[in-house]
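Here is a friendly walk through a structure and how its parts are arranged. Keep the 3D view open as you read.

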There are 2 protein chains.
Amino acid sequence: MTVTVLLVDDHAVVRAGLRALLDSQPDIEVIAEAGTGEEAVDAVTDCRPRLVTMDLALGSGIDGVEAIRRIRQLDRDLPVLVFTTYDTDADVVRAIDAGAIGYLLKDSTPQEIFAAVRGAAAGQSVLSPPVASRLLQQMQRPEEALTPREAELLTLLAKGMTNKELGKALFISEATVKTHLAHIYSKLGVDTRAAAVSVALRRQGIR
Amino acid sequence: MTVTVLLVDDHAVVRAGLRALLDSQPDIEVIAEAGTGEEAVDAVTDCRPRLVTMDLALGSGIDGVEAIRRIRQLDRDLPVLVFTTYDTDADVVRAIDAGAIGYLLKDSTPQEIFAAVRGAAAGQSVLSPPVASRLLQQMQRPEEALTPREAELLTLLAKGMTNKELGKALFISEATVKTHLAHIYSKLGVDTRAAAVSVALRRQGIR
DNA sequence: CGGCAGATCATCCGAACGGTGGATCCGCGA
DNA sequence: TCGCGGATCCACCGTTCGGATGATCTGCCG
């Protein structure tokens, strides 16, 4: 039985590339494309694909993670395979959390992509090797995992805010900000806010 | 006369996409692909294309800018069109400097891509609108341009170094470091090192 | 030659920061 | 039920940072 696929990516080039690659396989057929999350949700109801490939960075509208969440609400049995450029800790976790069945990087070889599509359509979890090792590494070092509150603070810190501004933004006292920061520093292995910003931006990807 | 094209990109998907798009045009023909800068240089001598599309972020080996430089050394009349994901100030300037005839973003529409390929093959400079506006903006605000020394310091600052460390690294006194920082802050429109790091990393792109 | 921009160094001061050591409250799981 | 981790708060203290100001030296361009 052929795997019918919906491609979601805001880059026409990437959609054309995936379509060309996948359509070259006799058992895979691209039946629809979407350039935004909203289009993707509509296409799922209209075209009933057996698999969705999803870019996380969609130019406008809802982002890939939110799109995954909505698609999973529509059809809990429809596997969504993330196909994106960067593998950052946060993105992988958020995507899996939203219900993605796999996480594939765009620099994968055609062979890896075919295998991932067939596997995901069959309900198997698929992770690109770099992603897999990253996930395992993170699970093996839970002491380095930031708490939600710390991550929130780090995000704002990465904008260059001062302790005072952080306190106001998060509705906590400056003292609490400093406590959180101390924890973040120790987890990230740094001892200045500038170094923390550097690590944060490199880890979590930019823009 | 048909435009023969060499595609350079480390992502098989992107190559397939560009090939699919370009080959759909009667006057454009993709005659070769390369996944690394080294392969690209070889392909130029072997295949004699009339245009090269170049990704700047090539996984391994020489980067796109260096590849452009070497290709231009081989054939000064062969136009190289940058086709990449991110438009950072530094990348654009470096690519143009290396001899690129145009700078196209991967989220361009197929129509824009066709026009750019035809234009570049005819020797015309082509810039994606966001890139163009960025360049103009930078030229219109020379007061925001950092001096080489300031840029050097900013790079190290973005690693999270303290003033003392910066001084030792650059063989200057801490007082001088603070002077440079003050200039950088005023040019970037910030007033803390953390914010400067944030701006620097976002501007100059990561990894 | 004169001026201007860049790089260098210096001093002063108040504000911000980072480290340390505590404290309370809550929810969850052993 | 007891403990533990997460989140919140506080005080103290030395260090670092940022702003203001001024100075010298170099090289370049008109």
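The report below turns to the symmetry of the two copies and then to the sheet and its helices.

## Two copies, one axis

Please bear in mind that this is a predicted model. A turn of 180° with a shift of 0.1 Å along the axis lays chain B on chain A, and the RMSD is 0.9 Å. The two copies are thus related as by a two-fold rotation axis. Both copies use the same surface, since 100% of the contact residues of chain B recur in chain A.

Which residue of chain B comes closest to the rotation axis? That is B:G17, whose C-alpha lies at 1.5 Å from the axis.

## The sheet of chain B

Chain B has an open sheet of 6 strands with parallel pairing, and the order is β2-β1-β3-β4-β5-β6. At the edges of the sheet are β2 (28-34) and β6 (126-127) of chain B, each of which pairs on one side only.

Look next at β1 (residues 3-8) and β3 (residues 51-54) of chain B: these strands run parallel and are joined by 4 bridges. Within this part of the sheet, B:L7 stands opposite B:T53 in β3(B).

## Helices on the sheet

Helix α1 (residues 12-23) of chain B packs on the sheet and touches β1, β2 and β3 of chain B. The direction of helix α1 makes about 165° with that of β2(B).

Helix α3 (residues 64-74) of chain B also packs on the sheet, where β1, β3 and β4 (80-84) of chain B are the strands touched. For helix α3, the angle of about 165° is made with the direction of β3(B).

Note on methods: Residues numbered from 1 in each chain as written. Chains lettered and ligands numbered in written order. Predicted model: local features only at pLDDT ≥ 70, side-chain atom pairs only at ≥ 80, totals over all residues. Least-squares fit on C-alpha atoms with pLDDT ≥ 70 in both. Contact = placed C-beta atoms within 7 Å. Pairing = 2+ DSSP bridges. Helix = DSSP H or I, 4+ residues; strand = E, 2+ residues; numbered from the N terminus. Axes fitted to C-alpha atoms, helices over the stretch in contact; angles between N-to-C directions.
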